[in-house]
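Hi,

Here is the structure I promised to pass on. Have a look at it first, and then read my notes below.

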Amino acid sequence: MMPAAVMNGLMYGSIYALVALGLTLIYGVLHIINFAHGALLMLALYAAFFLYSILGIDPYLGILIVVPGSFIFGYVLYRFMIGKLAHGKDQNILLITLGLSIVFENMAMLFFSADQRTVNLSYSFETVDLGFVLLSIPKLISFFASLVICFLLWMLMSMTDLGKAIRAVAKERQGARLVGIDVDKIFAATYGIGIACLGAAGCLLLPIFYVDPYTGNLFVIIAFTIVVLGGMGSIVGALIGGFIIGITESVGGLILGESLGQIGISVIFILILMFRPNGLFGGKT
Amino acid sequence: MALLLDVKSISKSFGGLKAVSDASLSVDEGKIVSLIGPNGAGKTTLFAIISGFLGADSGRVFLNNENITGMKPHRICDKGMVRTFQITQPFASLSTLENIMVGAYKNTSLKAKAKQKATEVAELVGMTHLLNTEANSLTVAGRKRLELARALATDPKLLLLDEVMAGLNPSEIDEIVNIIKIIRDSGVTIFLIEHVMKAVVNLSDYSYVLNDGVLIAHGTPKQIANDPLVIEAYLGQGAAKAMTKNTPTKAKASKTSKKGGKS
Amino acid sequence: MGLLVLAIVLPLAIQNNFYLDVLTIIFFTAYLGQSWNILGGYAGQFSFGGVMFFGTGAYASTILWTTYGIPPIYGVFVAILAGAIVGLIVGYASFRYGLRGSYFALITLAFAEMLRIIANSVEFTGGGVGIFLNFEPSIMNLQFINARGFYYLSLGMVVISIIIAMWLERSRFGAQLIAIRENEDAAEALGINVLRSKILAIMIMGGMGGAAGTFYAQKYLYLDPPIAYSIALSVEMLLVTIVGGMGTVFGPLVGSFVLHIVTEVAKHLIESPGLSLIVYGFILILIIAYLPNGLIGLFKGLSGKRGK
């Protein structure tokens with residue numbers, strides 16, 4: 001059972017990594033803790049769901065629509081709401097993003113009802129036999145897709161002008177301003193990229209999971225645990241942390257049972273914050 | 001004269017950088033002692049270690065013959081030593097009175113008594129007219145004074161002042177110098193880090209000079225003003241030699257003209 | 001003072017149970033908000049997991065009653081103790097290791113979540129099924145036949161919470177908490193044992209939360225992990241306080257009144273459970289953005305009390 005659990009953990013872990021990537025990017029550049037991350041993932045899941053149920057677009061193709069859409073949504077959200085309203089104070093941003101998550105969650109409740117939604121694709125139940133474990137096709141697709149997206153993100157950050165500008169702002173805000181970078185726009189763009197990651201994660205997650213208005217809550221702690229485990233602001237950390245947590249969750253569920261298994265994540269979160277708050281790859285706070 | 005503060009062989013490194021090397025000094029009760037030196041000399045680091053905000057790699061600190069090395073700052077405050085901060089740390093949204101009361105509360109649990117003490121201390125430092133002003137709204141000079149008043153309200157035996165004059169104009173400096181003298185006269189021993197030479201010369205009974213983490217000289221202000229090592233520390237290598245070519249008075253004048261930012 | 005007399009006399013005039021019930025809930029939420037206020041408003045440490053004290057206290061007194069027959073009037077003290085102990089543990093784990101600001105908020109969330117999972121998985125809490133409580137009205141059981149009894153109980157609780165806040169405002173401990181909120185290092189330098197003060201504050205919050213748990217269980221007669229450790233309650237605690245005014249004596253009460261009135265109005269407009277919460281979310285955002293001192297801060301500003 002163990003190898004299957006580990007594989008399962010890896011599959012989910014790659015998607016968790018994608019979720020955490022957005023969060024760590026937002027923290028690394030904007031230095032804010034985006035409490036709305038879980039709720040925004042939930043919205044992405046719904047977006048993917050409705051693209052499929054109304055327009056018949058396969059979620060994996062839906063990425064092409066959801067990701068840009070998420071970027072724009074995130075950009076606008078930051079530019080005209082979060083950035084403006086927080087007046088720069090750390091605790092304010094936390095509360096504002098908390099407020100946003102409440103609004104999103106309950107709007108979803110209002111408009112989409114509390115029913116759990118899933119998608120059944122034509123290939124949802126097909127599997128690949130690896131010998132020691134059977135892997136469902138969607139899980140496999142999601143796994144590779146998220147790796148590809150992580151790689152694309154890495155390329156964006158290291159090779160494009162935008163990526164360089166973002167890294168400049170992350171390292172030295174004032175200096176970046178001095179060389180003519182529009183820091184406010186970069187902030188919004190970074191936030192947008194972070195949400196775009198959620199858009200992708202949502203499309204990849206929907207076929208192997210479900211969505212209801214409270215799905216976001218499940219992922220908040222997971223995402224934050226990965227980010228502190230990997231180190232706030234570290235992209236490599238988010239990736240590796242994602243896998244570690246995915247496997248922990250899976251193996252934990254195997255050993256401790258379905259309900260108690262979830263506790264592993266909270267415990268890891270607490271222990272990391274207490275004893276190694278910079279995480280595995282985190283530099284300065 | 002009793003030895004109030006005795007610092008023995010303190011060393012501290014940050015990574016590969018040795019911030020303080022084997023520094024030893026002492027402060028007699030009732031005196032004003034200053035710690036001077038160029039920027040980056042390690043003065044604030046030493047202060048932080050003495051007042052419990054930073055741990056030393058080696059060495060010990062004695063207050064009134066009691067070993068306070070490694071004690072947490074609030075316990076050191078209980079023992080009678082309190083410090084101010086170079087970059088002022090006011091309780092921003094509280095009034096001047098409320099700020100000082102926090103210090104006063106150390107020795108009483110009654111609000112009325114704390115208020116009374118705070119009012120008295122405020123008068124001593126000349127802040128009576130600012131009692132109801134929000135700390136945020138104070139000028140730099142006001143905040144420095146508040147920092148001083150707050151610390152004073154704890155009735156310390158030893159007051160550590162970290163560059164209390166930085167950012168003040170000459171007349172403000174004169175005022176603070178007077179206040180410090182009054183505080184000393186009321187029985188409080190004072191140990192201060194300072195850049196402003198005029199103040200150092202005016203106030204100190206004794207001075208220690210720190211450069212690159214090492215104590216290079218100590219003595220009365222007059223003694224260290226003429227110490228070639230000290231002159232070199234401030235003005236660069238060879239300056240002392242260059243100076244001896246000139247008259248002694250010129251050397252003194254050059255020394256007091258050095259003002260600085262952070263240590 | 002006059003308001004208090006009014007509040008005491010009110011149930012004699014109003015026979016309508018519905019209104020008494022609404023007021024009971026308002027007082028209850030204000031009480032919980034005040035507990036959050038002690039740590040969040042006065043000491044400046046924002047917690048997102050306040051419900052953990054509530055849930056633990058609720059389970060404590062409920063299990064003592066349903067399994068061991070100990071009446072809730074005694075059980076509530078155990079609940080208070082349980083809440084305080086949870087506060088001690090969480091406080092020590094967080095503050096001893098230097099967690100502040102957002103990190104502290106998140107770790108409290110993690111602790112609450114942890115407790116929920118445990119409650120869901122163990123036998124003696126009834127697991128996911130939960131515990132049903134009997135309705136046997138008596139003072140010993142902290143249960144009442146009519147709404148009036150619960151009304152007075154919640155009134156008493158909120159009055160006690162207000163007295164605690166008033167005590168903070170004029171005591172040394174309160175001044176120390178406020179100093180910690182404003183500047184921890186300076187507070188430490190001035191002789192305040194920051195760690196001990198923070199832990200004490202969270203223990204008070206915990207004890208208060210524990211009692212609230214007992215009250216809830218005895219009134220609503222059912223307890224399960226999602227109820228006992230619901231994030232919504234954690235949010236509501238901080239919301240009423242922030243809206244009313246953090247670090248003020250009457251902030252939580254004012255905030256509770258306003259939010260519940262908004263809820264009732266919203267319920268009349270649209271028959272939907274989610275709407276009032278959407279409004280809550282918006283209110284939180286707007287208050288943080290434009291009125292960070294809450295409604296009480298607004299009044300003070302208008303009446304010119306805060307002179308600059």
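Before we start, one term you'll need: two strands count as paired if DSSP finds at least two bridges between them. Also keep in mind that this is a predicted model.

Let's put that term to use in chain B. Strand β1 (residues 3-14) of chain B runs antiparallel to β2(B), and eight bridges join the two. If you'd like to find one of the partners on screen, look up L3(B), which is matched with D28(B) in β2(B). These two strands belong to an open sheet of four strands, in the order β2-β1-β4-β5 (chain B), with antiparallel pairing. Its edges are β2 (17-28) and β5 (66-67) of chain B, and each of these pairs on one side only.

What lies across β1, β2 and β4 (58-63) of chain B? That's helix α1 (residues 43-50) of chain B, which runs at about 120° to β1(B). Is α1(B) enclosed or open? Eight of its eight residues are buried, so α1(B) is largely enclosed by the rest of the structure. The buried residues of α1(B) include K43(B) at the start of the list, then T44(B) and T45(B), as well as L46(B) and F47(B). Following α1(B) you'll come to G52(B), which has a positive phi, near 90°.

Now over to chain C. It has 14 helices and two strands. Its radius of gyration is 19 Å, close to the 19 Å that the globule rule gives for 308 residues, so chain C is as compact as a globular protein of that length. Along the principal axes, the C-alpha atoms of chain C fill a box of roughly 55 × 45 × 35 Å. Of the 308 residues in chain C, 59% are buried. If you take the contacts in chain C between residues at least 6 apart in sequence, 76% of them join residues at least 24 apart.

For chain A, I only have confidence values to report. Its mean pLDDT is 86, and 97% of its residues reach 70 or more. Where in chain A is confidence lowest, and where is it highest? The low end is helix α11 (residues 258-261) of chain A, with a mean of 76, and the high end is helix α2 (residues 37-55) of chain A, at 92.

Next, how the chains meet. Two pairs of chains are in contact, and chains A and C share the most contacts. There, 34 residues of chain C are in contact with 31 residues of chain A. On the chain C side, α5 (101-121), α11 (231-244) and α13 (273-290) of chain C each supply at least two residues. The largest share comes from α5(C), with 15 residues. By class, this side of chain C has 26 nonpolar, seven polar and one charged residues.

Chain C also touches chain B: 18 residues of chain C are in contact with 22 residues of chain B. Here the elements of chain C that give two or more residues are α7 (172-182) and α8 (184-189). α7(C) gives the most, with six residues. The side of chain C that touches chain B divides into eight nonpolar, four polar and six charged residues.

And chains A and B? No contact joins them, and their closest C-alpha atoms lie 15 Å apart.

Cheers

How values were computed:
Residues numbered from 1 in each chain as written. Chains lettered and ligands numbered in written order. Predicted model: local features only at pLDDT ≥ 70, side-chain atom pairs only at ≥ 80, totals over all residues. Rg over C-alpha atoms; globule rule 2.2 N^0.38 Å. Buried ≥ 20, exposed ≤ 12 C-beta atoms within 10 Å, placed from the backbone. Contact = placed C-beta atoms within 7 Å. pLDDT = per-residue confidence, 0-100. Nonpolar A, V, L, I, M, F, W, Y, C, P; charged D, E, K, R; others polar. Axes fitted to C-alpha atoms, helices over the stretch in contact; angles between N-to-C directions.
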